[in-house]
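Here are a few notes to go with your first look at this one. Have the sequence and the model open while you read, and take the points in order.

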Amino acid sequence: MKKIIFLIILFFYTGSCLAQVPFINKVRMMYDKAATQEKVCERLISLLAPYNENNNPLLLGYKASATMMTAKYVLNPFSKLSHFNKGKRLLDKAINADKDNLELRFLRLAAQTNTPSFLGYDDHIAADKNFLKKSLPQLTDMKLQKFIISRMRNLNLLNEYPLKTTKP
């Protein structure tokens with residue numbers, strides 16, 4: 001009986017671990033589309049609603065980024081600022097929960113480089129850029145590495161120095 005319970009627990013644990021990779025790939029694809037499609041942005045926030053800094057800081061980071069993106073889809077300046085500040089607070093929570101997460105640092109860098117300067121959200125650009133520059137070549141997840149490098153190139157963040165990756 002104990003073996004059966006153990007096997008059931010192992011089955012569910014293994015299944016949830018394996019499901020994480022396709023799920024994060026879907027989240028990354030939605031993140032890209034959320035920047036230009038309001039409905040995708042809303043769906044991404046809904047999909048990531050259950051996640052917080054305690055159960056998954058990375059997914060909270062994506063929820064935070066999507067929340068900031070919603071500011072571009074509203075007309076009222078106070079609503080824009082409200083969405084932006086809410087997303088910023090969520091992203092800060094995510095990064096505080098997992099300071100060395102490369103993907104979270106990328107999300108913050110992308111947000112800060114796309115934010116108007118008058119909002120004053122640019123205090124981590126240099127640190128995040130340096131962190132990514134040092135950490136990306138050691139990244140073993142080639143899909144993630146390609147994703148981040150591609151987005152950084154789109155944001156003109158790799159023009160100052162070439163980035164050498166560990167694998168082609």
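1. A quick definition first: a residue is called buried under 20% relative accessible area, exposed over 50%, and partly exposed in between. Keep in mind, too, that this is a predicted model.

2. Try the cut-offs on aspartate 122, which sits in the loop between helix 5 and helix 6 (125-135). Is it buried, exposed or partly exposed? Its relative accessibility is 42%, so aspartate 122 counts as partly exposed. Looking back 11 residues along the chain, you reach alanine 111, and the C-alpha atoms of the two are 8.9 Å apart.

3. Alanine 111 also turns up in the largest pocket, where Met68, Met69, Ala111, Asn114 and Thr115 are the lining residues nearest the centre. The lining has 24 residues in total, and the pocket's volume comes to about 650 Å³.

4. Which helices build that lining? At least two residues each come from helix 1 (2-34), helix 3 (57-69), helix 4 (77-97), helix 5 (102-114) and helix 7 (142-154). Helix 5 contributes the most, with five residues. Sorted by class, the lining of the largest pocket holds 16 nonpolar residues, along with four polar and four charged ones.

5. Now for the second largest pocket, which holds about 180 Å³ of space. Its lining consists of Asn25, Arg28, Met29, Asp32, Lys143, Lys146, Phe147, Ser150 and Arg151. Helix 1 and helix 7 are the elements giving two or more residues here, and helix 7 has the largest share, with five. As for class, five residues of this lining are charged, two are polar and two are nonpolar.

6. Helix 4 deserves a look of its own. With 21 residues, helix 4 reaches 30 Å from its first C-alpha to its last, close to the 30 Å expected at 1.5 Å a residue. Its buried residues are Phe84, Gly87, Leu90, Leu91, Ala94 and Ile95. Why do they count as being on the same side of helix 4? Because they cover an arc of only 135° around the axis.

7. What do those buried residues pack against? The buried residues of helix 4 pack against helix 3 and helix 5. On the other side of helix 4 you'll find Phe78, Arg89 and Asn96, which are exposed. Try colouring the two sets in your viewer to see both sides of helix 4.

Technical notes:
Residues numbered from 1 in each chain as written. Predicted model: local features only at pLDDT ≥ 70, side-chain atom pairs only at ≥ 80, totals over all residues. Heavy atoms only, no water. 1 Å grid on protein atoms, 1.4 Å probe; cavity = no way out; pocket = protein on both sides within 12 Å on 5 of 7 lines; lining within 4 Å. Points joined across faces, edges and corners; volume = space filled by probe spheres on them. Helix = DSSP H or I, 4+ residues; strand = E, 2+ residues; numbered from the N terminus. Nonpolar A, V, L, I, M, F, W, Y, C, P; charged D, E, K, R; others polar. Buried < 20%, exposed > 50% of the residue type's maximum accessible area, 1.4 Å probe, protein only. Expected span 1.5 Å × (residues − 1). Arc of directions from axis to C-beta. Contact = heavy atoms within 4.5 Å.
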